[in-house]
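Take a walk through this structure, from its packed helices to its empty spaces. Keep the 3D view open as you read.

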Amino acid sequence: MVEKSHKNAEPTNGNMLEVKDLKQYFPIKAGLVQRVVGYVKAVDGVSFSIRRGQTMGLVGESGCGKTTAGKTILRLINKTSGDVIINGVDIYAIKHEELRKMRTQMQFIFQDPFSSLSPRLPVSEIIGEAVKEHDLVPKDEYDDYIDGVMKSCGLQPYHKDRYPHEFSGGQRQRICIARALALKPSFIVCDEPVSALDVSIQAQIINLLKDLQDKHRFTYLFISHDLSVVEYISDHVGVMYLGSMVEYGSKADIFRNPLHPYTQALLSAAPVPDPAAKRNRIILEGSIPSPANPPSGCKFHTRCRERMEICSKEIPQTKEVEPGHQVACHLFN
């Protein structure tokens, strides 16, 4: 039975989030009777944890399942199998009413700040709608509370009556962050929150997220394909390929000593802010296979320059090569 007083529950191991063998398969239907003929394995057995107050970066090519993993973790879409523990609570084991109460603890910042904001609502309603729904503050304190949330995100009170189309991209992303923060969450999934912004605005938003984390001890799952941003904001990094986690470790482990050939290829493609520096670029062969029909054995073997005969036959097991640094590759098995 789930405790109803989970609001301030502290996991005994210090982890805000624990994901165990999470799978998200989408059925492929065909024919007149729409018979299931296969599955798209968007997330295929992913496991990791995030300690309270820290940030984990989740990286990989487009289509690898990063966003689907984030939505499944927050139960925005239902899992196929696996466990998701947030703040000590198994969110797939609780009923709808209990999940509704827990929604204030976990929030999602969407990738596109324009399409995720209602064009028919002023900023004050966008930020405060859920605050009213969950009755988080007394009515006589509501206006001051919204003003405080907006100021903490770099927005001014006179912005309250404006609509999303009247703001720049950076300001719209600040509105999205303010909407998430207004519910006083403890865990936030940031789905490429700066990918649609100019570089100078990206820096402002990233610094805002870090400042808010230092102040409120937020825990972030930061989804991105920009390795420089991930290196700056993350404590730990997970690398996904075709729905699977191929490498996981601390920021220093991943960026200074990448083990998996896919991680090495990603880092070799990242630009270096030094015109004199040269990096040996690793060019991957072919394109990402379909998640509906992934290769046998190691999913990456069709593009890997280090592939061996065993790679096409057996799925590599995840091995801890050094403390906290895990990799799923036959080179280490």
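What follows covers three helix pairs, then a pocket, then the cavities. The model is predicted.

Begin with helix α5, residues 169–181, and helix α6, residues 199–216. Their axes come within 10 Å. They cross at roughly 15 degrees. Angles under 35 degrees count as roughly parallel, and that makes α5 roughly parallel to α6. The crossing itself is right-handed. Now look at the side of α5 that touches its partner. G170, Q173, R174, I177 and L181 are the α5 residues in this contact. On α6 they meet I201, Q204, I205, L208, L209 and L212. By class, the contact of α5 with α6 has seven nonpolar residues, three polar ones and one charged.

Stay with α5 and turn to α3. These two helices pack at an angle of about 25 degrees. Their axes are 7 Å apart. With the limit for roughly parallel set at under 35 degrees, α3 and α5 are therefore roughly parallel to each other. Their crossing is right-handed. From α3, the contact takes V123, I126 and I127. From α5, it takes I175, A178 and R179. Five residues of this contact of α3 with α5 are nonpolar, none is polar and one is charged.

Helix α3, residues 123–133, also packs with helix α4, residues 142–152. At what angle do the axes of α3 and α4 cross? The answer is roughly 115 degrees. The two axes come within 10 Å. This crossing, too, has a hand: α3 and α4 cross in a right-handed way. The α3 side of the contact holds V123, S124, I127, G128, E129, V131 and K132. The α4 side holds Y142, Y145, I146, V149 and M150. Sorted by class, the contact of α3 with α4 has eight nonpolar, two polar and two charged residues. V123 and I127 deserve a second look. Both are in the contact of α3 with α4, and both are in the contact of α3 with α5.

Next come the spaces between atoms. Rolling a probe the size of a water molecule over the atoms shows where empty space is left.

The largest pocket has a volume of about 570 Å³. Its lining counts 27 residues. Which of them lie nearest the centre of the largest pocket? They are D44, S244, M245, I315 and P316. Four elements give two or more residues to this lining: β1 (15–30), β2 (35–51), β10 (244–250) and β12 (325–328). Of these, β10 gives the most, with five residues. The lining of the largest pocket is mixed in class, with 13 nonpolar, eight polar and six charged residues.

Finally, the cavities. How many of 30 Å³ or more does the structure hold? There are two.

The largest cavity has a volume of about 70 Å³. Its lining includes H260 and P261, then C298, F300, H301 and C304. E306, R307, M308 and C311 also line this cavity. C329 and L331 complete the list. Eight residues of the lining are nonpolar, two are polar and two are charged.

The second largest cavity has a volume of about 30 Å³. V59, L227, V237 and V239 are among the residues that line it. So are I254, T263, L266 and L267. Two elements, β9 (236–241) and α9 (261–269), each supply at least two residues of this lining. The largest share comes from α9, with three residues. By class, the lining of the second largest cavity has seven nonpolar residues, one polar and no charged.

Notes: Residues numbered from 1 in each chain as written. Predicted model: local features only at pLDDT ≥ 70, side-chain atom pairs only at ≥ 80, totals over all residues. Heavy atoms only, no water. 1 Å grid on protein atoms, 1.4 Å probe; cavity = no way out; pocket = protein on both sides within 12 Å on 5 of 7 lines; lining within 4 Å. Points joined across faces, edges and corners; volume = space filled by probe spheres on them. Nonpolar A, V, L, I, M, F, W, Y, C, P; charged D, E, K, R; others polar. Axes fitted to C-alpha atoms, helices over the stretch in contact; angles between N-to-C directions. Parallel < 35°, antiparallel > 145°, perpendicular 65-115°, else oblique. Left-handed = near helix turned anticlockwise from the far one by under 90°. Contact = heavy atoms within 4.5 Å.
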